[in-house]
Amino acid sequence: MDQGMLPPGQRLAKGWPVSHYGPVPRFRPERWSLQVFGATESGEKHSWAFDDLADMPRVTVVADLHCATGTSTLGHEFFGVPATALLDLAPPAVDVSHVMAWAEYGYSANLRLSDFTADSTVLATHHNGEPLTAEHGFPLRLVVPHLFGYKGPKWLRGIEYMTQDRRGFWEERGYHNIADPWTGQRHSYQEDDGP
Ligand SMILES: Nc1nc2c(c(=O)[nH]1)N[C@H]1C(S)=C(S)[C@@H](COP(=O)(O)O)O[C@H]1N2
Ligand SMILES: [Mo]
């Protein structure tokens with residue numbers, strides 16, 4: 001097994017458990033789009049159908065996933081569109097500092113632009129060579145390997161460019177705004193402790 005390092009306070013989960021809030025959405029290709037909106041450079045919204053993703057640059061990222069409740073799974077191979085490629089296709093306005101990643105049913109996660117543009121941040125369509133399963137986010141899932149799992153929406157539908165920060169779904173419900181697993185940023189009350 002690919003035994004990577006676990007952040008402090010994390011334990012290894014058996015297999016790849018499924019964990020999320022709410023039901024698993026059904027994929028309806030004719031109604032599905034990925035939208036980039038908010039503070040775009042052009043002021044226009046960008047929108048793609050699922051098949052359009054195949055024409056975008058693609059990358060494979062090997063990533064460990066860390067859930068803020070204390071379990072980790074290691075050595076996932078995700079394949080999809082690097083977030084940096086999406087930024088090239090839909091340039092943000094110069095004053096964009098954060099993004100909100102939006103999923104089905106209104107799930108959201110805010111990210112600093114620097115976390116979104118990290119080399120390993122990927123809009124994944126495949127896992128270990130197979131399309132994502134419905135439970136793990138098919139057809140599209142954001143993976144931000146260097147942050148806790150709640151920063152990576154399954155069933156991703158949109159990226160909103162923001163010129164100031166705004167808290168997402170779990171960030172509004174007591175979870176840490178940044179979510180760095182290596183410094184144990186789990187809870188929002190820790191935000192008072194400093195960076
Ligand atoms: N849309 C959506 N995405 C989500 C969540 C959710 O509740 N809804 N939960 C997040 C959390 S807290 C974790 S730890 C991971 C879990 O991913 P997994 O079920 O593939 O292990 O999904 C993340 N993405
Ligand atoms: Mo999680």
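Which residues line the second largest pocket? I put this to the model, which is a predicted one, and I found the lining to consist of Pro25, Arg26, Phe27, Arg28, Arg31, Trp32, Glu104, Tyr105, Phe138, Pro139, Trp155 and Arg157. When I sorted these residues by type, they divided into seven nonpolar, no polar and five charged, and for the volume of this second largest pocket I noted about 150 Å³.

I then turned to the largest pocket, for which I recorded a space of about 780 Å³. I counted 39 lining residues there, and the ones closest to the centre of the pocket are Ser19, His20, Gly149, Tyr150 and Lys154. Looking up which strands contribute, I found that S4 (59–66), S5 (71–82) and S10 each supply at least two residues of the lining. By type, the lining of the largest pocket splits into 23 nonpolar, twelve polar and four charged residues.

Next I went through the salt bridges, of which the count comes to six, and I wrote down three of them in detail.

The pair I looked at with most care was Lys151 and Glu171, whose closest N and O atoms are 2.7 Å apart. Lys151 sits in the loop between strand S10 (141–143) and strand S11 (156–162), while Glu171 belongs to the segment after S11, so this salt bridge ties together parts that are 20 residues apart in sequence. I also asked myself whether the two partners are buried or exposed. Lys151 has a relative accessible area of 1% and is therefore buried, the limit being under 20%, and Glu171, at 2%, counts as buried too.

For Asp115 and Arg112, I noted a salt bridge between the side chains with an N to O distance of 2.9 Å. Asp115 is buried at 7% relative accessibility, whereas Arg112, at 34%, is partly exposed.

The side chains of Arg173 and Glu172 also meet in a salt bridge, here with 4.0 Å from N to O. In this pair I found Arg173 partly exposed at 45% relative accessibility, and Glu172 exposed at 57%.

Last, I looked up Val94, which is found in the loop between helix H1 (83–89) and strand S6 (98–103). Its relative accessible area is 87%, so I entered Val94 as exposed, for which the value must be over 50%. I also noted that the C-alpha atom of Val94 is separated by 8.8 Å from that of Ala39, although the two residues are 55 residues apart along the chain.

Methods:
Residues are numbered from 1 along each chain as its sequence is written. Chains are lettered from A and ligands numbered from 1 in the order in which they are written. This is a predicted model: local features need pLDDT of at least 70, side-chain atom pairs count only at pLDDT 80 or more; totals for chains, interfaces and linings use all residues. Side-chain values use heavy atoms; hydrogens and water are left out. Helices (H or I, at least four residues) and strands (E, at least two) are DSSP runs, numbered from the N terminus. Buried means under 20% relative accessible area, exposed over 50%, partly exposed in between (1.4 Å probe, protein chains only). On a 1 Å grid over the protein atoms alone, a cavity is a set of points where a 1.4 Å probe fits but cannot get out, and a pocket is an open set with protein on both sides within 12 Å along at least five of seven lines; lining residues have an atom within 4 Å of a point. Grid points are joined across faces, edges and corners, and a volume is the space filled by probe spheres set on the points. Ala, Val, Leu, Ile, Met, Phe, Trp, Tyr, Cys and Pro count as nonpolar, Asp, Glu, Lys and Arg as charged, and the others, Gly among them, as polar.
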